[in-house]
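Subject: Structure handover

Hello,

Here is the structure we discussed, for you to look at before we talk. My notes on it follow below.

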Amino acid sequence: MGGVGPVFLFPRSDVPIAVDWIGLVKMRNVIILGSQWGDEGKGKIVDLFAERFDIVARYQGGHNAGHTVFIGEKKFVLKLIPSGILRPGKKAVIGNGLVIDPAALLSEIDTLQAAGVPVTSNLFISNRAHVLFPEHRMMEKMSEGREGRISIGTTSRGIGPCYEDKIARRGIRVADLLNTEFFRAQYDSIMEEKVVIAKALGIYSEIDLRAIREEYEAFAERIRPMVCDTAALLNQAIRDGKTVMFEGAQGTMLDIDHGTYPFVTSSSASAGGACTGTGVAPTRIQGVLGVSKAYITRVGGGPFPTEAFDGAGDRIRERGKEFGAVTGRPRRCGWFDVPLLRYTANINGFDSLVITKLDVLDEFDTIPVCVGYKINGKDVVDMPPTVAEIEKLEAVYECVPGWSSSTFGISKYDELPSKAKDYIAFLENRTGVEVGCVSTGPERNQTIVRAGSRFEELIG
Ligand code: GDP
Ligand code: IMO
Ligand code: MG
């Protein structure tokens with residue numbers, strides 16, 4: 001046998017728990033990620049089930065994410081810090097795949113600590129994550145505003161330019177930031193190059209680079225105690241029999257490779273990103289859970305085959321309070337898209353789906369669901385690769401009867417109206433993926449876990 005890997009004693013579909021070859025340790029490490037264009041309700045789901053895991057690890061993105069968690073009257077919006085931080089005693093990891101704006105991180109830490117959430121003792125920040133600077137925000141502002149350039153409608157946080165520097169191998173990582181002498185020289189040389197480029201492009205504006213550098217040196221001292229090799233920490237924890245939940249940000253349709261490029265974010269939001277973004281191997285991960293709304297939303301530009309323009313979109317936005325958690329922008333709303341979900345299920349290998357915000361559809365007499373695509377009357381089976389083609393897709397709808405009664409807060413599957421159960425069954429049949437969990441409100445207890453589901457098995 002080559003290398004050290006998990007040995008599955010039984011076929012995976014029968015017994016999901018792998019036994020580690022080295023220590024005969026049971027593993028139950030699970031990825032939870034967005035299956036649409038973000039804002040599916042990942043924060044609520046991760047917070048709720050974090051209780052059953054030892055560690056929650058974010059693997060990509062930055063403070064473009066906004067994960068909302070309600071605990072009673074208290075509302076938390078997590079941006080860089082994993083939603084698991086709200087569970088006392090759980091470890092929260094910011095993996096190497098993230099880009100970190102230290103000012104945003106420290107402000108998030110301060111807000112949480114002021115609300116009584118202990119952060120600094122439970123948070124572990126990867127020494128290999130990349131550092132985001134004000135220059136990245138400025139570059140983004142200039143490129144998004146440039147005439148002739150496609151505007152993506154980004155969150156204006158500088159995420160794209162920071163990942164650009166990472167891939168171009170001129171990024172500054174957390175470990176570099178902590179090495180003051182090295183950081184000073186590295187920062188000055190990188191910024192010198194940026195100034196030359198900005199001047200050549202005629203987009204240079206005066207900026208106090210030295211002041212920014214000194215500010216970052218001060219940030220470094222505050223984050224230093226939380227920084228470590230998080231890949232080593234996670235792998236050791238797994239060897240010790242601890243369980244890890246990987247929390248995705250954004251959604252698969254915003255993934256840099258698999259999303260509606262170029263209307264995407266600059267990181268790997270899909271399941272593969274969990275491995276590269278934390279340094280935990282695929283052989284150590286037992287399941288992937290996709291979070292999806294009972295309908296669909298998108299913030300920013302880009303194609304959206306099932307967008308509802310006829311007033312129904314406004315009704316969904318109003319009932320679902322669909323405004324961005326980070327930017328406050330109104331979210332574009334539309335109907336559940338089966339081919340899109342089948343596409344993202346394929347990319348991620350979903351074991352089970354979580355359907356959130358079922359309650360938002362309570363007052364619709366009928367609910368259109370997109371069951372296929374056509375272009376010029378011809379069926380389109382695979383998700384096209386280009387925006388031009390996706391924009392041409394005509395959604396083919398089937399109307400499913402609504403249930404016209406409240407599902408808000410229901411926590412037992414049997415208590416759902418029968419037509420709501422039919423809607424869930426319709427989604428399961430058409431997507432080919434089990435719906436193992438249903439969310440009926442923003443709070444923890446407004447959630448149904450289906451008995452005997454693969455979801456229940458993985459979540460423990
Ligand atoms: P995330 O980015 O995927 O974590 O999602 P967001 O937090 O950006 O957006 C989801 C919003 O829906 C938040 O305001 C949640 O509090 C809310 N939410 C989550 N699940 C439900 C649900 O089942 N019903 C309702 N009505 N709201 C929900
Ligand atoms: P969560 O984790 C929804 C969108 C932006 C824009 C595109 C690129 O809360 O689901 P960026 O600033 O990342 O370069 O913007 O991606 N976007 C999100 N949309 N939810 C998010 O995060 C998002 N993060 C980025 O609106 O269209
Ligand atoms: Mg969000």
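I start with ligand 1. By class, its shell holds seven charged, eight polar and three nonpolar residues. Please keep in mind that the model is predicted.

The residues around ligand 1 number 18, and the nearest are Lys42, Gly43, Thr68, Asp359 and Ser439. Two secondary-structure elements, α1 (42-50) and β5 (67-71), each contribute at least two residues to this shell. Where does ligand 1 lie with respect to domain 1 and domain 3? Residues of the shell come both from domain 1 (7-126 + 225-287) and from domain 3 (293-459), so ligand 1 lies between the two.

Three polar contacts of ligand 1 involve side chains, each to an oxygen atom of the ligand:

- threonine 68, through a polar side-chain atom, at 2.6 Å
- aspartate 39, through a side-chain N or O atom, at 2.9 Å
- arginine 331, through a polar side-chain atom, at 3.0 Å

On its own, ligand 1 exposes 580 Å², of which the protein buries 92%.

Now to ligand 2. It is surrounded by 20 residues, with Lys42, His67, Thr155, Gln250 and Thr265 the closest. Sorted by class, this shell has 10 polar, seven nonpolar and three charged residues. Lys42 is thus listed among the closest residues for ligand 2 and among the nearest for ligand 1.

Aspartate 39 appears again here, this time through its backbone: an N or O atom of that backbone is 2.8 Å from an oxygen atom of ligand 2. The side chain of arginine 329 places an N or O atom 2.9 Å from an oxygen atom of ligand 2. With glycine 153, a polar backbone atom lies 3.5 Å from an oxygen atom of the ligand. Ligand 2 has 550 Å² of accessible area on its own, and 97% of this is covered by the protein.

Last, the chain as a whole. It contains 14 helices and 21 strands. The C-alpha trace spans about 65 × 60 × 50 Å along its principal axes. Why does the radius of gyration agree with a compact globule? A compact globule of 460 residues would have a value near 23 Å, and the chain has 22 Å, which agrees. Of the 460 residues, 57% are buried.

Regards

Methods
Residues numbered from 1 in each chain as written. Chains lettered and ligands numbered in written order. Predicted model: local features only at pLDDT ≥ 70, side-chain atom pairs only at ≥ 80, totals over all residues. Heavy atoms only, no water. Near = heavy atom within 4 Å. Polar contact = N/O pair within 3.5 Å; in protein donor to acceptor, adjacent residues only side chain to side chain. Areas by Shrake-Rupley, 256 points an atom, 1.4 Å probe, with all protein chains shown as cover. Nonpolar A, V, L, I, M, F, W, Y, C, P; charged D, E, K, R; others polar. Helix = DSSP H or I, 4+ residues; strand = E, 2+ residues; numbered from the N terminus. Domains from an automatic or database assignment. Rg over C-alpha atoms; globule rule 2.2 N^0.38 Å. Buried < 20%, exposed > 50% of the residue type's maximum accessible area, 1.4 Å probe, protein only.
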